[in-house]
Structures are given as C-alpha cells and as structure tokens.
Amino acid sequence: MKNRRAVGTEQERRAAAYLMENGYEILAYNFRCRFGEIDLIAKDGEYLVFLEVKYRAGDTAGEPQEAVDRRKQKRICRSALYYCTVNGYAADWPCRFDVVAVKRDEITVFKNAFLFLA
C-alpha cells in the first residue's frame, strides 16, 4: 500500500497530464516557500494559474474541492504572491486560483475556485 505522499504525488501528476491535454502549460510542480505550498503552477492562455489538487478515493470524506478551506486558500495566495515576486510577474499580471478535484476516474477543474485573499 502506498503512503499518502506517494498517492498525492501520483494524483498531482495525473491532474497535470489532464491539464496539459486541455491546453495548460505546467510551469512548476510542488512550489514550496516559507508561506506554504502550491501543487501546480501553470499558464492557461494569458493567465498564470495556481492549482490545488485534491484527491478522494471514496465518498466518506466529502467532495475533494471542499477540502480547500479559507485557511488553505490564504496559504496558497501568500505563496502565489511570493512566486510572482521572485519570478518577475508584474502586480497586474492576470492570475487565477483553480482547484482540481480527482475522484477515481473523474477529474474536474474548478476555474476561479476562489479569489485572492490577503
């Protein structure tokens, strides 16, 4: 049996493959900084997209996207701001926060899942 980290990595790679098939360009996997972690960072057209991937093997824990609570959103936003700063993206660069919900054989992308939280 795989540990949770191995399962998470496998599902993030699966989500990335799905996103690439749908026109996203993956820029970074598991970006980490002192503010937190972002599972995937991609370009979708003109948008710089910060993606949180959530996986559920069954139905007992609720829908995957429900796990991205306000606290998690704030950590992602702070990390995204840091990423933009260190990578030279202007303050007015169009950004978006998406959540990728993975359940068994189903992948759903929730575009603009939440707005920037300071």
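**Asp44 and its surroundings**

Asp44 lies in strand S2. The model looked at here is a predicted one, and this residue makes a handy place to start. With a relative accessible area of 15%, Asp44 falls under the 20% cut-off, so it counts as buried. Setting aside neighbours within four places in sequence, Asp44 is in contact with Gly23, Tyr24, Val49, Arg96 and Lys111.

Two of those contacts turn out to be charged pairings. The side chains of Arg96 and Asp44 meet in a salt bridge, with N and O 2.8 Å apart. That pair ties together distant parts of the chain, since Arg96 sits in strand S4 and Asp44 in strand S2, 52 residues apart. A polar contact of 2.8 Å also joins these two side chains. Arg96, too, is buried, at 6% relative accessibility.

Lys111 is the other charged partner: its salt bridge with Asp44 has its closest N and O atoms 3.5 Å apart. Here again distant parts of the chain are linked, with Lys111 in the segment after S5 and Asp44 in strand S2, 67 residues apart. Through shared partners, salt bridges join Asp44, Arg96, Asp98 and Lys111 into one network.

The structure holds seven salt bridges. One of them pairs the side chains of Arg32 and Glu37, at 3.9 Å from N to O. Arg32 is exposed, its relative accessible area being 52%, whereas Arg96 is buried.

Next comes the helix near the start of the numbering, H1, which covers residues 4–21. How far should its 18 residues span? At 1.5 Å a residue the expected figure is 26 Å, and the end C-alpha atoms are indeed 26 Å apart, so the two agree. At the N-terminal end, Asn3 acts as a cap: one of its side-chain oxygens lies 2.7 Å from the backbone nitrogen of Ala6. Just after H1, Gly23 takes a positive phi of about 95°; Gly23 is also among the residues in contact with Asp44.

Which residues of H1 are buried? They are Gln11, Glu12, Ala15, Ala16 and Leu19. These residues cover an arc of only 145° around the axis, which puts them on the same side of H1. What they pack against is a set of strands: S1 (25–33), S2 (36–44), S3 (47–56), S4 (95–103) and S5 (106–110).

That leaves the nonpolar interior. In soluble globular proteins, nonpolar side chains tend to be buried together. In this model the largest nonpolar core has 18 residues, and those with the most contacts inside it are Ile38, Ile41, Leu48, Phe50, Tyr83, Phe97 and Phe114. Elements giving two or more residues to this core are S1, S2, S3, helix H2 (70–86) and S4. H2 supplies the largest share, with five residues.

Ile41 gives a feel for how such a residue is surrounded. Not counting residues up to four places away in sequence, Ile41 touches Glu25, Ile26, Leu27, Ala28, Phe31, Leu48, Val49, Phe50 and Tyr83. Apart from the largest core lies another, of 13 residues, among them Ile26, Leu40, Val49 and Val102. Val49, a member of that other core, is in contact with Asp44, which brings the account back to the residue it began with.

How values were computed
Residues are numbered from 1 along each chain as its sequence is written. This is a predicted model: local features need pLDDT of at least 70, side-chain atom pairs count only at pLDDT 80 or more; totals for chains, interfaces and linings use all residues. Side-chain values use heavy atoms; hydrogens and water are left out. Helices (H or I, at least four residues) and strands (E, at least two) are DSSP runs, numbered from the N terminus. The expected span of a helix is 1.5 Å times one less than its number of residues. Buried means under 20% relative accessible area, exposed over 50%, partly exposed in between (1.4 Å probe, protein chains only). The arc is that of the directions from the helix axis to the C-beta atoms. Contact means heavy atoms within 4.5 Å. A polar contact is a pair of N or O atoms within 3.5 Å; within protein, one must be able to donate a hydrogen and the other to accept it, and residues adjacent in sequence count only if both atoms are side-chain atoms. A nonpolar core is a set of buried Ala, Val, Leu, Ile, Met, Phe, Trp, Tyr and Cys residues joined through side-chain atoms within 4.5 Å. A salt bridge is a side-chain nitrogen of Lys or Arg within 4 Å of a carboxyl oxygen of Asp or Glu.
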